[in-house]
Amino acid sequence: MQTHDKNTTLNDLAAITGGSVHGGGDAVVRGVCSIENPVAGHIAMALDPNKIDWSGASERPAALIVTDPVDKLDLPFLVHKNPRLVFTHALRYFNTDYEPEQGIAPNAFVAQDADVAPSASVGPFAVIDSKAQIKAGVIIGAGCYVGARTVIGEDTKLHPGVTILNDVTIGERCIFNSGVVIGGDGFGFTPTPDGNIKVPQVGTVEIGNDVELGANTCVDRATLDATRIGNDVKVDNLVQIAHNVQIGDHTRIAAQVGISGRTIIESNVVVAGKAGFQNGIVVGEGSIVGGKAGVTRHVKPGSRISGFPARDHKTALQIQAATNKLPDLIERLNKIEKQLKDKECIQ
Amino acid sequence: MQTHDKNTTLNDLAAITGGSVHGGGDAVVRGVCSIENPVAGHIAMALDPNKIDWSGASERPAALIVTDPVDKLDLPFLVHKNPRLVFTHALRYFNTDYEPEQGIAPNAFVAQDADVAPSASVGPFAVIDSKAQIKAGVIIGAGCYVGARTVIGEDTKLHPGVTILNDVTIGERCIFNSGVVIGGDGFGFTPTPDGNIKVPQVGTVEIGNDVELGANTCVDRATLDATRIGNDVKVDNLVQIAHNVQIGDHTRIAAQVGISGRTIIESNVVVAGKAGFQNGIVVGEGSIVGGKAGVTRHVKPGSRISGFPARDHKTALQIQAATNKLPDLIERLNKIEKQLKDKECIQ
Amino acid sequence: MQTHDKNTTLNDLAAITGGSVHGGGDAVVRGVCSIENPVAGHIAMALDPNKIDWSGASERPAALIVTDPVDKLDLPFLVHKNPRLVFTHALRYFNTDYEPEQGIAPNAFVAQDADVAPSASVGPFAVIDSKAQIKAGVIIGAGCYVGARTVIGEDTKLHPGVTILNDVTIGERCIFNSGVVIGGDGFGFTPTPDGNIKVPQVGTVEIGNDVELGANTCVDRATLDATRIGNDVKVDNLVQIAHNVQIGDHTRIAAQVGISGRTIIESNVVVAGKAGFQNGIVVGEGSIVGGKAGVTRHVKPGSRISGFPARDHKTALQIQAATNKLPDLIERLNKIEKQLKDKECIQ
């Protein structure tokens, strides 16, 4: 990212980021800093202003983004019920990606029949294979591989070292981090007495617009038809998305999640880290899946689930609380049983 | 994959794939489609013909692969008790891998003392290091790295971006997906009061024939001797195979599994996704390990295990069922205890 | 690794590795072998000498590293209470890394304003981006990417295929295995009714000295400030280290662990495989975290925890033991309840 040399008054910033100004609207803001490391002339987000400890800091920020103004702090505030939103807009205002040079690096390899838009950028040692299409504004980092007939939509960015195999379709404004592999073979084998026979994976992958994939995440190609990721889907690092999986719009998936073959995660689902999904199930729209959950069945829209096997989150918490009492429970039962037997109430 | 322009009658196809023809043996089949997206002139596998819904489809397939013919469907059938096997053979008949050009790409780097067979293919920006041997028919994708003295057996295929370090031996007809790393350092450190001392990892990796490794899977080199993977072993994406692990023939390992150092997974074992294995244990031949299992001890041949710590699968299911009843159990115990105390049956 | 042609007497070796010599101090040792595959003239570590079975071996080692001499074995011994330490030193004495040629490979790409020390080595198809600094003795493997303004400290080694993005700082003598990604975007999105807005990740990564990262491990850049890894931290394969995580000196983290955003793992912590950490928690110095643990809260220094949610390890074992008795417990309760009801002791 690049920090721009912008000098903006708090009033002007509020017009861009949202939020109402409390005191010092003429304060000049040049960037965003963290609340732990205040920088003069920068604005910081304070989610819990009571915990601020600047005793060791030599500088103070120019202003704070808060949900409520804080009397004891002698600073201007940008007040908003959703401070993260204001913070996000401020970061986006002050920082932008470095723009690589347009055009194809002399040491990249582009097949003669590939189609690279003039405004696209192809880095050193990247390979654009036969009949691939790289649309306007696309950035292909160093050492990336784009397979034959694959299409990369406008303004999509591939960090260095991304591999997209043949016949894949990628939408616009996506960001794929380094080590992402799209279109590898799905895990399909038919066991026979003479060994495993590979099921050719002849389908593809289709990814929508505004999708972000984390470092070293894998999206396998389908056996037939396509593995599909909708629009505005955000996926963290080291996630496994198997063949023929379908993921709906706006869904967010945290690191090290695994989604088995043919499973459908509908739109607006939130999946916490390390959760796993059985193959061939449907996780309904708007569901929330807890960290490390093991989802073994269909999930109704709007569910909140956790645990393994994943259950309704409230039930899971009850079971968990009960489990904590289990050693005590056994002791109590032993005691009751002994007393009843001693009194010959029971055998 | 490449779809061949084959026009084959259902009778002729059955001779290749197995299965008995029901009706319309003269029907011409040109390819394989999925049951959800029927394509005219293609054959589809119908595992559950009663669930077929083609109300929105504009085309019908030429024939279906089924376990039993379905009266209400006016289509020819290929009938077999194992429809997946027929489906697999049909896919293999109609689709074959693209054959890259033989020879070394002008922008690959091959060490002067490396040995690349004339029928092998080495892609752009691939590196074949000193004294490596690339046998006949091998395909090395773009950007792959093959370390010094490493041997790649005949007809093995490395997708783009595979890294195989020095002194490794790979068998024939293997397929390694992008991002695979073979021969990285095993995780060996000796803690001392002055910090961790690295244990040099001076062993190697030996991989048999017909092994498939999924994207971003790691196989570490041994501390001494070799990490070994047998023949016909199939490993999914993002799997960790630590130093000195041994895996027997025909074993299948799903995504995100982790196998700790020195553990032996014998032949014909099936491991579901996200399972983890303690170091130094032996998992006996033909065992089945459930998803997310945590295997902490030796496992007898033919076992079926699940849960954490992994137990016999039936026991694990009983415990799981009992766990679901736990909140209710506590309530019942509370009630009994209270009544007995009220009656002064117990203290 | 390279095995040196060293002929050393056991007495001389003991002076290097530590340990007291029992018998045959003049025995010549040329290398280290495993106890399972003895090699003449080599020394092996025997952690459990009673289990030695050389019935199928044609050779015997020159000597053994043991905690106690074994009468029945007619061999010289190197005796030490910590045989692993002696073994480690012996391996380090007999084996050293291959030294690649110094200098920049003709087919690497180094930006004009990058600074590569003359004693550094940059492999084929590696990219050193604008204003990056590669210090003395650094080894950059084939196909690595070092981003703009990133600094790599002296004698650090990047195996082939490592990606380090812009503005990152790496210490001295680190070893990063293939597929490592450092400085990818942290997973930060602000959900709105119109979709997810990306939070720009404008922070960086700072890594200390003597850090080792396993294959395909990811370290995300911070939102603001830095994701920090201390000195002598050892991380295995496929580990996720999220944005703004802090890891203290000497900590060891096994494969497939996931650490969520802003979490602090203090110094001298040991984390077993597949453990996961909630975001924003602190794991105190010297703690030991069990395999597959799910850590959801702050952890006091010196704790030993396991399970999900992670608890004190002893409590976790008690709960686990109790869980095993659960089906039996339910049966007992049913029996008591029935008898009491039959006798009308309870309702």
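These are my notebook entries on chain contacts, symmetry and two sheets in this predicted model.

**Entry 1: chain C against chain A**

I began with the contacts between chain C and chain A, and found 47 residues of chain C touching 53 residues of chain A. Next I looked up which elements supply two or more residues on the chain C side: strand 23 (181-184), strand 24 (189-192), strand 25 (195-198) and strand 28 (218-220), along with helix 3 (313-324) and helix 4 (326-342) of chain C. Helix 4 of chain C gives the largest share, six residues. I then sorted this side of chain C by class and got 23 nonpolar, 17 polar and seven charged residues.

**Entry 2: how the two copies are related**

What rotation superposes chain C on chain A? I noted 120°, with 0.0 Å of shift along the axis and an RMSD of 0.1 Å. The two copies are therefore related as by a three-fold rotation axis. I also checked the surfaces they use, and these are different: 19% of the contact residues of chain C recur in chain A.

**Entry 3: chain B against chain A**

Turning to chain B, I found 54 of its residues in contact with 47 residues of chain A. On the chain B side, the elements giving two or more residues are helix 2 (83-94), helix 3 (313-324) and helix 4 (326-342) of chain B. Helix 4 of chain B has the largest share here, with seven residues. The class tally for this side of chain B is 22 nonpolar, 21 polar and 11 charged residues.

**Entry 4: a sheet in chain C**

I went back to chain C for its open sheet of 10 strands, which I traced in the order 11-14-17-20-23-28-31-34-37-40, with parallel pairing. Strand 11 (109-110) and strand 40 (294-295) of chain C are at the edges; each has a single partner strand, so one side of each has no neighbour in the sheet. Strand 28 of chain C, listed above among the elements touching chain A, pairs in the parallel sense with strand 31 (residues 240-241) of chain C over two bridges. Within strand 31 of chain C, I found C:I241 as the bridge partner of C:V219.

**Entry 5: a sheet in chain B**

My last stop was an open sheet of nine strands in chain B, ordered 12-15-18-21-26-29-32-35-38 and paired in parallel. Its edge strands are strand 12 (115-116) and strand 38 (282-283) of chain B, each pairing on one side only. I followed one pair further: strand 21 (residues 169-170) and strand 26 (residues 204-207) of chain B run parallel over two bridges. Which residue in strand 26 of chain B is the bridge partner of B:T169? I wrote down B:E206.

Notes:
Residues numbered from 1 in each chain as written. Chains lettered and ligands numbered in written order. Predicted model: local features only at pLDDT ≥ 70, side-chain atom pairs only at ≥ 80, totals over all residues. Contact = placed C-beta atoms within 7 Å. Helix = DSSP H or I, 4+ residues; strand = E, 2+ residues; numbered from the N terminus. Nonpolar A, V, L, I, M, F, W, Y, C, P; charged D, E, K, R; others polar. Least-squares fit on C-alpha atoms with pLDDT ≥ 70 in both. Pairing = 2+ DSSP bridges.
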